[in-house]
Amino acid sequence: MTAASLYRYVLLRLVQLVPVVFLIIILNFFLIRLAPGDPIAYIIGDAPIADELVADLRSKLGLDGSITQQLLIYLSNVAQGDFGFSYVSRAPVTEVILSRLPATLLLMITQYVLAIAVGIVLGVLSARHQGSALDVTVTAVSVVGYALPVFWLGQMLMLMFSMKLGLFPAQGMMSLRYSMTPVEKVFDIAHHLVLPALTLAIFNLALIARLARANMLQVLRLEYIIFARSKGISERAVVYRHALRNAVLPVVTVIGLNIKTLITGAVLTETVFAWPGLGRLTFDAINARDYPVLMAMFVFVGILVVIANLITDIIYAWLDPRIRLQ
Amino acid sequence: MSEADLDVPGTLPATSASSAAAARRRRVMRNWHRFTMNRLALFGLLLLAGMIILALFAPIIAPGGPFGIGGTRLAEPGARHWFGTDHIGRDIFTGVLYGTRTSLMVGLLSVLMALAIGIVVGAVAGYYGGRIDNLLMRVTEIFQVMPRFFLALFVVAIFGANIWGIVFVIGILNWAEIARLLRAEFLTLRERPFVTAARAYGARDLDIIVMEILPNAISPVIVAGSLQVASAILLEAALGFLGVGDPNEMSLGSMLNNAQQYIRQAWWTVTFPGLALCLLTLGIALVSDGLNDSLNPRLKEVGL
Amino acid sequence: MSGGKSVTALSLLRLVPMPGRIVAGSITLNGRDVSRLSDDEMRGVRRNEAAMIFQDASNFLNPIFSIGDQIAEGIADRFPSKRERRAAVIEALHSVRIPDPERVATLYPFQLSGGMQQRAVIAAATARKPSLVIADEPTTALDATVQFQILRLLEELQTEIGMSLILISHDLAVIASVCSRVYVMYAAEIVESGPTRDIYRNPAHPYTKALLGSILDPLEERKPLTILEGAMPDLSAPPQGCRFHPRCPAAMPICSQAKPPPATISSGHQVNCWLHAEPAVAA
């Protein structure tokens, strides 16, 4: 029964999210048409291309036809996963983006695990020991952490731990050595991952710790906590089973709402550390005027945000029966 | 009908203008008092005031202008260049002053724009409700789900980086949050007795919206708006950092972008502009926290 | 949860949330002073000897755990095997007359009515077969008919599992129908105690008299209601002497100076009031 209702819920949410993605795609199309100059200039960018090829491309995209025709061609291309060709990278845009996706996912997942685990633990501890040195520190750090520009935080960490202390590599995802065993390779990537993941995690952790603390304080005063205690179960079970799971619910919501900010943070962090993911790809695309990649990134991130929102909705529903069973 | 029945003091249509003004003044004083009780918020306000003064007087403090080349390349911080010089010999202290000026300008103007659009949309949607509310809320929803940073990046990249364009884009991307907040307030306030009373007196919709509801609905909008100034500043800096800032305006983000290649040789090129950015947003965040505590005291208890 | 009654109830099992604490007095249960036990021993008492039922069940059930889980966790140590535990949960739900207990065990609090929620709370409390159940206004949040059912249930459980019941209530009708012995409290102090019949027929303390005078009697429409002037005292700075004297219609000079000694009205019926103090003590 539970599994079935969750399934139905996910389907419902999916249907609700389709129009948003559709609108992002349409907006993307019209922005290029609104931009000054010939749309073809944005599709080719600065790449040197023969005139006949340009003419070919023009007819393929229907640029000589009406705007509706162009839109239909664009939509049918996008529906088939075809976001055009990057003349800078000399590869289909979809291919370029997908090849960069794993690096970004690795970075995002690592930082999420770190930020959520540490953030919740810090939040719970500072709520349970309200007014302690730890509590004051966590509160202060979370205020400052919220105001920090994430790319500057990355630069400062790089300056400190890479330049001055030489503990971690400053750039890239792998050392430029050829002969590495698979195990060495994993450690090498992990070594490169530390600073960028830490940068994003600190930024994210500030918010999570602050929220977890506030919610925990609120939940610990509620009646059902007294009832749980009256059953004679251990204090640990009261705090971590009864209180924490309720206190985490709003944190899940905020993590979901904040995913856009986090993807932005990832773009900036990847740029700082030359991490070869989607963010760095965006940065390079800007510099090379690789517009097809930029356009596709906009749609792609839109889809990513929608998927991420869906995942947080599912987690929320899984944690809260009131949502799941409605 | 007593004032208590109308449940918001100072907005009674029949009271004389002077007593309404006095009540408003009392309320402002009470909020100011609450605000100053909060030492962190006061610290933030001083920090912010200091930076605003420095930014305003930048042309007097540093008459050379931000792009003037006044020294050797990558000179260390010292008596001549407090914050050192950058890779082409520009004074970083001067750059930070002008960059702060740009940040503040972008932050304030874009949020003013977001407020202007957001307040109109939110007030209309919340006051009239029904179909127009439905339509406006669909539009704001789309703006809220949109990956704003990428849209801004994309727009600035294809339409060209120009400071007014950046202000416009950030403003366009931020109004939806304001509109939603204000709409929610309007929805609850429009049924209150003091609004019904004003309607019974035959007041026009516009007067009711502006004179009766808006003053009581504006607190959360002010708090959200002040936080948006910080996020707008960070967004502008991020655009600059990715290399799509206005090349004719000094920007803290662009300074950090230039510094990226010289971190190893010249720590000062990256430290000072970032610190300025950080203090600016910290000041705003603290002030906004203080505003939140003094304008919405109920939330304080929870520790949010 | 601010009233003196509820805090009294909570402190019996040392459940007063921080920063509250017990400063004076002792609580004796089955021959042990509960206020001196360690936290671990206290948990043992809550697990094995005494349980509690609360006023508004909907707030006292954790919204995101199933009813079955919330009953099961209290008896986990007694029934380590999952199957036995489940059987015990069903049995507990059955004992509080919940229909279809197998299904209800899988439901969440928001899926139950107020009366059913209160039954579930009672099931969680009585599943451990405690020797004492403390019920704090267990029926106030419920409809009149449901109130009656819950009260009958509590009475039946008393004999079924041989538990004692402390009922904390301001509802005099409820008390009269359930309790054998009554303790009247004012401002966190006992002012009068005795067999229910004696208290209702022959109240000795002015506060008890005022309380009984405030009952609406449906048969006597014209009877004037007694209304007490004034408000409850601030318990952080209670009045000197008898705590009731500022509002007492029969106050004497001595009432504001010294605490009244206990006086016996009849066998088992005691009152703390200067009106009934023996002359030797009064002088």
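Biologist: In chain C, what share of the contacts between residues at least 6 apart in sequence join residues at least 24 apart?
Modeller: The share is 56%, where a contact means heavy atoms within 4.5 Å. This is a predicted model, in which local features need pLDDT of at least 70 and side-chain atom pairs count only at pLDDT 80 or more, while totals for chains, interfaces and linings use all residues. Residues are numbered from 1 along each chain as its sequence is written, chains are lettered from A and ligands numbered from 1 in the order in which they are written, and side-chain values use heavy atoms, with hydrogens and water left out.

Biologist: What is the corresponding share for chain A?
Modeller: In chain A, 72% of the contacts between residues at least 6 apart join residues at least 24 apart.

Biologist: What makes up the secondary structure of chain C?
Modeller: Chain C has twelve helices and nine strands. Helices (H or I, at least four residues) and strands (E, at least two) are DSSP runs, numbered from the N terminus. Chain A comes to 14 helices and two strands.

Biologist: Why is C:Thr126 called buried?
Modeller: Buried means under 20% relative accessible area, exposed means over 50%, and partly exposed lies in between (1.4 Å probe, protein chains only). C:Thr126 has 4%, so it counts as buried. This residue is found in helix α7 (residues 114-126) of chain C. Not counting residues up to four places away in sequence, C:Thr126 touches C:Val96, C:Val133, C:Leu157, C:Ile161 and C:Met163.

Biologist: And what makes C:Asp100 partly exposed?
Modeller: Its relative accessibility is 40%, which lies between the two cut-offs, so C:Asp100 is partly exposed. C:Asp100 sits in the loop between α5 (82-95) and α6 (101-104) of chain C.

Biologist: What stands out about the phi of C:Asp100?
Modeller: Its phi is near 55°, a positive value in a residue other than glycine. Most residues other than glycine have a negative phi. C:Glu137 also has a positive phi, near 45°. C:Glu137 lies in the loop between β4 (132-136) and α8 (144-161) of chain C, and its relative accessible area of 4% makes it buried.

Biologist: How do you know what span to expect of helix α10 of chain B?
Modeller: The expected span is 1.5 Å times one less than the number of residues. For the 37 residues of α10 (residues 205-241) that gives 54 Å, but the helix spans only 46 Å between its end C-alpha atoms.

Biologist: Where in α10(B) is the kink?
Modeller: The kink, of about 60°, lies at B:Leu214, shortly before the proline B:Pro215. The bend at a residue is the angle between axes fitted to the seven residues ending there and the seven starting there.

Biologist: Why is α10(B) called largely enclosed by the rest of the structure?
Modeller: Of its 37 residues, 26 are buried, so the description follows.

Biologist: How close does helix α5 of chain A come to its expected span?
Modeller: This helix (residues 93-128) has 36 residues and reaches 51 Å from its first C-alpha to its last, close to the 52 Å expected. α5(A) still bends by about 35° at A:Leu101, and the proline A:Pro102 follows within four residues.

Biologist: How do you know how chain B and chain C stand to each other?
Modeller: No contact joins them, and their closest C-alpha atoms lie 15 Å apart. Two pairs of chains touch, and chains A and B have the most contacts.
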